[in-house]
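Open the model in your viewer and keep the selection tool ready. Each stop tells you what to select and what you will find there.

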Amino acid sequence: MDQQAISRAELDELKTVDPSTSGTEEQRFLQECSGWYQEWLHANEPQLQANAIPDTQVLVIVFSESPDVERTRLKAMGEGESRVFRGALDAGLQGTLLATQNLRRILQIRETFSSLNDAMAVCCDTLADSDTFVIIPLTQRRVLIHPRDVSIEDWVHNPTSIAVRSQTLQISAKQIDKDIYEFYDEGLRLAKSSLSQMIWKGKKHPYQFIQDPEQRIQSYLLITLKQGYAHLMGVVNEETVGKGGRCDITVQWPTPLGAYPYTNVKIELKVLTHARGPASNVTWAQSGIKQANDYRLANSEAVFACVFDGRKDQTDQMPHLDAEAAALNVELRRYLMEAPIATPKASASVKGTATAAGTKSIKTKAVGKKAGASKAASKKTVSKKTASRVVSPTKAKSGKKGAS
């Protein structure tokens, strides 16, 4: 027993260790790049304010498990091998970097691009769809994210762009609520939205998600909120395992004049899927409400249960969940997502007969079918509009029905 016991010194040492962000190596890489850019902006703010950094300064960072090995594969992009250190934050840094997940090993293989357009063209010509990378137009205060297995040729026309907010605002539960809705509305509500393409399998696999959709949404939402609140001393992260388990996202900010030095908001994410089935989806959504309540601390301004709805039939919005959430003082939010669906092919034209009467009969039937199809499409559109209504981020309080 003595050999298995953990000493007090070991326990104290564990308290100083930060947990690794969940997700794949590629997802953690994207978050590290986002964090690095925040540091770069802070360090070079004087040069940015003086317009000393040109608009043509663009940085491409490609994820690599072994930059020293992978630079051979990417010789077409550049053959340099200069080491770059994350902490340097050089104002003149640009070109292409190969970097490990934690940015501990970085090699610069290309020194410059002539423009953002040039950087995109080079990426199209030299990188594979399987490459995870970011493009950072350094003066534009945004990060363009390309995840693994997304068509680069399609991506360059509609890249996932996460802006770095710089305006002054007050962090609050209401502001966070608004920003989550904006994240959903711009990136996940429609099938053609940039983030939607990173969680759905696509038109060939109707209503099927890529593996771990909750983890993917969590990763992109983490990046978005971090970019939004870092300049306000807001800390956005996953919480260590604690009172209710491990919360998906915690936003914490200083409130020196409040009852506590820091205030926080807890966010639990759940994704409803067509494959799970009605009963299991209800249970899954209920678990999100319970978990959000379990994560609540004394200094929590609010706790959110965010339900992203990817079911084929979204008609039943489970109104009983509002009462359950209200009883626990949990802010329940529903976000209905449109799945990518293949467009039905037009039916082959009907061949007419030799007689005039036969031709007339066939035309009449064709017109009838067309009218019927139009009527059915009209009903389907109305149904779809009804099902796609999303709860307003400011109206789900007090147990109101979410799908207004």
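Start with the open sheet of five strands in this predicted model. Its strand order is 8-9-10-11-12, and the pairing is mixed. Which strands stand at the edges? Select residues 235–237 for strand 8 and 331–336 for strand 12. Each has a single partner strand, so one side of each is left without a neighbour in the sheet. From one strand to the next, the twist averages 20 degrees.

Now zoom in on one pair. Select strand 9, residues 249–254, and strand 10, residues 262–273. They pair in the antiparallel sense over six bridges. Pick V251 and look across to strand 10: its bridge partner there is V265. In general, strands of a sheet pair through backbone hydrogen bonds, either parallel or antiparallel.

Next, add the helices on this sheet. Select helix 9, residues 278–295. Helix 9 packs on the sheet and touches strand 10, strand 11 and strand 12. Its direction makes about 170 degrees with that of strand 10. Then select helix 8, residues 213–229. Helix 8 lies across strand 8, strand 9, strand 10 and strand 11, and runs at about 150 degrees to strand 10.

Keep helix 8 and add helix 2, residues 25–43. How far apart are their axes? The distance is 10 Å, and the packing angle is about 0 degrees. The two helices are therefore roughly parallel to each other. Show side chains at the contact: helix 2 brings residues including L30, S34 and Y37, while helix 8 brings residues including R216, Y220 and I223. The residues of this contact divide into five nonpolar, seven polar and two charged.

Move to the other stop: an open sheet of seven strands. The order is 2-4-3-1-5-6-7, again with mixed pairing. Select 82–84 for strand 2 and 160–163 for strand 7: these are the edge strands, and each pairs on one side only. Neighbouring strands here are turned by 30 degrees against each other on average, direction ignored.

Select strand 1, residues 58–63, and strand 3, residues 95–99. This pair is parallel, over five bridges. Find V62; its bridge partner in strand 3 is L98. Now add helix 5, residues 116–126. Helix 5 lies across strand 1, strand 4, strand 5 and strand 6, and runs at about 165 degrees to strand 5.

Finally, show the whole chain. It comes to 11 helices and 12 strands. Of its 404 residues, 44% count as buried.

Note on methods
Residues numbered from 1 in each chain as written. Predicted model: local features only at pLDDT ≥ 70, side-chain atom pairs only at ≥ 80, totals over all residues. Heavy atoms only, no water. Helix = DSSP H or I, 4+ residues; strand = E, 2+ residues; numbered from the N terminus. Buried < 20%, exposed > 50% of the residue type's maximum accessible area, 1.4 Å probe, protein only. Axes fitted to C-alpha atoms, helices over the stretch in contact; angles between N-to-C directions. Parallel < 35°, antiparallel > 145°, perpendicular 65-115°, else oblique. Contact = heavy atoms within 4.5 Å. Nonpolar A, V, L, I, M, F, W, Y, C, P; charged D, E, K, R; others polar. Pairing = 2+ DSSP bridges.
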